[in-house]
Amino acid sequence: VETRTIGSGKDALKIKSIVNGLWQVSGAHGRIDGAQAVQEMFKYIDSGLTTWDAADIYGPAELVTREFRKQYRAKYGKDPEMQVFTKYVPRPGDMPFELIQAAVDKRIERLGVDRIDLLQFHWWDYSNKQYIEAMTHMKTLKEQGKIRNLALTNFDTEHMRELVEEHNIPIVSNQVQFSMLDRRPLNKMTTFAQKHDIQLLAYGVLCGGLLTDKYLGMGDPTETLDTASKQKYWYGTINEWGDWALFQRLLRTLRDVADRHNVSIANVAERYVLDQPQVAGIIIGARLSRGEHIDENLRVYNLQLTEDDYRAINGVLEQGKMLKGDCGDEYRRYY
């Protein structure tokens with residue numbers, strides 16, 4: 001399983017390039033059986049997929065990872081090899097040190113760890129500058145040993161630059177929407193990230209499951225958009241790039257590429273993003289207890305796209321519209 005590095009020096013964190021996303025543990029796609037979810041995590045760890053992405057707003061996600069650690073220790077007499085990211089997503093307001101410290105301590109307690117591997121900060125409203133205060137306090141808590149690495153989620157390039165260059169906040173990664181259809185990070189974020197050794201963690205790589213074999217040859221998609229995620233990516237990404245006919249042309253092209261390498265359309269979409277500059281990992285949803293794709297996801301590690309593959313894929317992508325602007329406002333615009 002491919003390993004990449006976030007951060008540097010003594011705080012460098014080796015992660016797997018496929019990161020198991022725990023958003024669906026929130027129950028947004030249906031009820032999750034907590035006990036079964038913990039058992040499913042053993043399958044991921046055994047397969048080598050040891051990196052997890054949780055959040056304070058993902059329901060019991062942090063607690064599920066804590067319970068897994070407990071059961072793993074009971075079974076094997078040692079701690080599991082795993083890396084767990086989490087997020088801090090406060091409502092805008094005053095950000096005194098005591099508030100930030102309490103939030104960080106709560107994350108540590110819920111995760112069942114001594115320090116947080118990667119704390120990703122999201123801020124809803126840039127007009128409220130308290131995000132600078134919050135990150136400054138988190139930097140202090142990092143220096144105290146409670147946080148291994150500080151990161152952002154859904155920050156645009158300008159506000160990331162402000163924190164890094166004007167306030168000396170040691171940001172190591174930014175989690176942003178990034179897929180072959182949404183290549184906005186290439187507009188300017190990757191250049192800034194390269195300059196400051198900041199890695200990108202990409203979500204939305206499969207457009208909520210639409211960039212898969214399931215939708216090849218399917219008619220009008222509006223009747224099959226059965227999750228909020230699929231609706232988001234259809235109306236906010238695919239529909240902005242092109243129409244359904246062009247999307248079907250892309251899926252057919254991806255299927256041709258996939259056939260040459262004996263993989264799935266999803267694998268091709270995953271590898272495409274993994275090969276982009278500064279991408280350390282892609283977030284792939286882990287529907288613990290609701291159907292898994294571990295074996296399929298692992299096939300991406302045997303896939304190397306050729307120049308001919310890229311030429312075919314980009315030839316279709318360029319028939320659509322390049323999404324404009326910077327990334328990072330996917331949720332903030334609706335706040």
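## A buried aspartate and its partner

D309 is buried, with a relative accessibility of 1%. That value falls under the 20% cut-off for the buried class. The model is predicted.

D309 does not lack a charged partner: its side chain meets that of R260 in a salt bridge, 2.8 Å from N to O. The two residues sit in distant parts of the chain. D309 belongs to helix 11 (residues 307-317), and R260 to helix 8 (residues 244-261). They are 49 residues apart.

## Salt bridges overall

How many salt bridges does the whole structure hold? The search finds 24. One group forms a network: E158, R161, E165, E166 and K195 are linked by salt bridges.

## A pair between strands 4 and 5

K87 and D53 also meet through their side chains. This salt bridge spans 2.6 Å, N to O. K87 lies in strand 5 (residues 83-88) and D53 in strand 4 (residues 51-53), so the contact ties together parts 34 residues apart in sequence. Are these residues buried or exposed? Both K87 and D53 are buried.

## A pair between two loops

D11 forms a salt bridge with R115. Their closest N and O atoms are 3.5 Å apart. Why does this pair tie together parts that are 104 residues apart in sequence? D11 lies in the loop between strand 1 (3-6) and strand 2 (13-16), whereas R115 lies in the loop between helix 3 (97-111) and strand 6 (116-121).

The burial of the two partners can be set side by side. D11 has a relative accessible area of 9% and is buried. R115 is partly exposed, at 32% relative accessibility.

## The hairpin around D11

The loop that holds D11 runs between strand 1 and strand 2. These strands form a hairpin, with six residues between them. In the turn, G7 has a positive phi of about 85°. The strands pair in the antiparallel sense over four bridges. T3 has K16 of strand 2 as its bridge partner.

Which side chains of strand 1 are buried? R4 and I6 are, and they point to one face. T3 and T5 point to the other face and are not buried. The side chains thus alternate along strand 1.

How values were computed
Residues numbered from 1 in each chain as written. Predicted model: local features only at pLDDT ≥ 70, side-chain atom pairs only at ≥ 80, totals over all residues. Heavy atoms only, no water. Salt bridge = Lys/Arg side-chain N within 4 Å of Asp/Glu carboxyl O. Buried < 20%, exposed > 50% of the residue type's maximum accessible area, 1.4 Å probe, protein only. Pairing = 2+ DSSP bridges.
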